[in-house]
Every structure is written in C-alpha cells, then in structure tokens.
Amino acid sequence: MWTRGIDRASRSISPRRRALISNVLYSNGSRAALARLGRFVLQDQVPGVRHCDGTAAAMKPSWTPSRDKRLLALQAVGRTAAEIAKSLRTSRNAVIGRSRRLRGIVYRSDIESWARANARRSQEAKKRMKARQKAQREALRELARAVRRGVPTGKAMARAHRAGALWWQIGDRFGISQQAAYEKAKLWTQRHRL
C-alpha cells in the first residue's frame, strides 16, 4: 500500500516518517533513492520493515524497443490508436505521439508554424539591430561633439559607451585600440568618482 510521507496539514514530513526514511536509506545505502522517492513510502512488504524503493518502477521509460515493435505491428495491421492504446495499456495520445516520433512524421502545419516563428524572430532581431546601430551612431556623433566642446576625452568616451557605442568604435574614432579606449575611460571614471 502506498502512503504519502507528508502531513496534510503542515505539508512537511512527519518526524516518524523522517526517521523511517533515514533508517531505510542508511540500511540500503542509497541517498539517491530519496530524490527519486518523491516522499512516497511503500509499506508492509516485509513484516516490520518498510521500504522506500517505490518509484523505481514509475521512473522506467514506458516505451521500450519491444513495445515500439508491437505498436508498429498493430499499426501495420490497421488498428486505431484507441485500440492500440488499450492493448498496450496506455493512453491514445501517448500512442499517437510515439508513432509520430518513431516514423519521423513532420506535418505541413508544423513546418509552416516553424517558418512563421523563424520569420517573426528574424524581423524582431533586425529591428533590434537597427535600433542598436542607430544608438551607436548617435553616441559616436555625441562623442565627437563633446570632444569639440572641450569635454575631457575619458569622460566623453565613458558617456559614449553608456549610450551604446562599442569600445572598438570609440577606439577607431581616436585611432587607438579598443583596450586603450576602455582604459582611458576607466581611468577618468576612477579619478572623478572620488
């Protein structure tokens, strides 16, 4: 008989169940059993001993190679999904899903759905890229204006980077590497943060 090792009122393991589970775990030597256990305990298998290996059967994959062969054979005979499900003792939907995966069937509606989703994602990515490029161009224009106005170079570089410009773009503007541009902006920020 299966019983839950959880008190319904407090939703926590009762001290009695906790002691029972720990005794079984230490006697069997498997801590992983508790993780798979899901707090279920199989009782009264052996008089006076309670076992907690109950979910091992539930964790097995239901579709074995022999069941797959039976499924395909029953389909070849012309049985319906409901009839196959009854003989395999599973649900109709499970039979339909498994047969579809075994045969590798891809429906036109699936392909069209994937194409629409990919097109939508591609358009969204292009919009984001255009917005990012626009922000970068504006940040670089503002960088040039700030330097002409006499703003310290490090400060102008830090502002441009915060506005969306990349370090290599900022470095190209001044004819230096991206690392040098980063270091110059970092040095200015550190000095004026105090």
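A crossing of two helices is right-handed if the near helix is turned clockwise from the far one by less than a right angle, and left-handed if anticlockwise. The exercises below use a predicted model.

**Exercise 1. Describe how helix 8 passes helix 9, and state which residues meet there.**

Solution.
- Step 1. Locate the elements: helix 8 covers residues 153-163 and helix 9 covers residues 167-174.
- Step 2. Take the geometry. The two axes come within 10 Å and cross at roughly 145 degrees. The crossing of helix 8 with helix 9 is right-handed.
- Step 3. List the residues that meet. Helix 8 supplies Thr153, Met157, Ala160 and His161, while helix 9 supplies Trp167, Ile170 and Phe174.
- Step 4. Sort the residues of this contact by character: five are nonpolar, two are polar and none is charged.

**Exercise 2. Find the salt bridge formed by arginine 120, and state where its two residues lie.**

Solution.
- Step 1. Apply the cut-off: a side-chain nitrogen of Lys or Arg must be within 4 Å of a carboxyl oxygen of Asp or Glu.
- Step 2. Find the partner. Arginine 120 pairs with glutamate 124, and their closest N and O atoms are 3.9 Å apart.
- Step 3. Place the pair. Both residues belong to helix 7 (residues 108-149) and are four residues apart, about one turn of the helix.
- Step 4. Check accessibility. Arginine 120 is partly exposed at 45% relative accessible area, and glutamate 124 is partly exposed at 37%.

**Exercise 3. Trace the salt bridges of arginine 145 with glutamate 138 and glutamate 142, and name the network they belong to.**

Solution.
- Step 1. Begin with glutamate 138, whose side chain meets that of arginine 145 in a salt bridge with an N to O distance of 3.1 Å.
- Step 2. Turn to glutamate 142. Its side chain also meets that of arginine 145 in a salt bridge, at 3.1 Å from N to O. Glutamate 142 and arginine 145 are separated by about one helical turn because they are three residues apart in helix 7.
- Step 3. Glutamate 142 is partly exposed, with 32% relative accessibility. Through shared partners, salt bridges join Glu138, Arg141, Glu142, Arg145 and Arg149 into one network.
- Step 4. Compare with the cut-offs: partly exposed lies between 20% and 50% relative accessible area. Arginine 145, at 30%, is therefore partly exposed, and so is glutamate 138, at 37%.
- Step 5. Set this against the total: a search of the whole structure finds six salt bridges.

**Exercise 4. Examine the backbone and the surroundings of arginine 89.**

Solution.
- Step 1. Recall the usual case: most residues other than glycine have a negative phi.
- Step 2. Read the angle. Arginine 89 is not a glycine, yet has a positive phi of about 55 degrees.
- Step 3. Place the residue: arginine 89 is in the loop between helix 5 (81-88) and helix 6 (92-103).
- Step 4. Arginine 89 is exposed, with a relative accessible area of 78%.

**Exercise 5. Summarise the chain and state where the pLDDT is below 50.**

Solution.
- Step 1. Count the elements: ten helices and three strands. Their order from the N terminus is β-α-α-β-β-α-α-α-α-α-α-α-α.
- Step 2. Of the 194 residues, 25% are buried.
- Step 3. Read the confidence. The average pLDDT is 78, and 68% of the residues score at least 70. The pLDDT is below 50 over residues 1-11 and over residues 33-59.
- Step 4. Where pLDDT is low, the predicted coordinates should not be read in detail.

Technical notes
Residues are numbered from 1 along each chain as its sequence is written. This is a predicted model: local features need pLDDT of at least 70, side-chain atom pairs count only at pLDDT 80 or more; totals for chains, interfaces and linings use all residues. Side-chain values use heavy atoms; hydrogens and water are left out. Axes are lines fitted to C-alpha atoms, for helices over the stretch in contact, and angles run from 0 to 180 degrees between N-to-C directions. Contact means heavy atoms within 4.5 Å. Ala, Val, Leu, Ile, Met, Phe, Trp, Tyr, Cys and Pro count as nonpolar, Asp, Glu, Lys and Arg as charged, and the others, Gly among them, as polar. Buried means under 20% relative accessible area, exposed over 50%, partly exposed in between (1.4 Å probe, protein chains only). pLDDT is the predictor's confidence in each residue, from 0 to 100.
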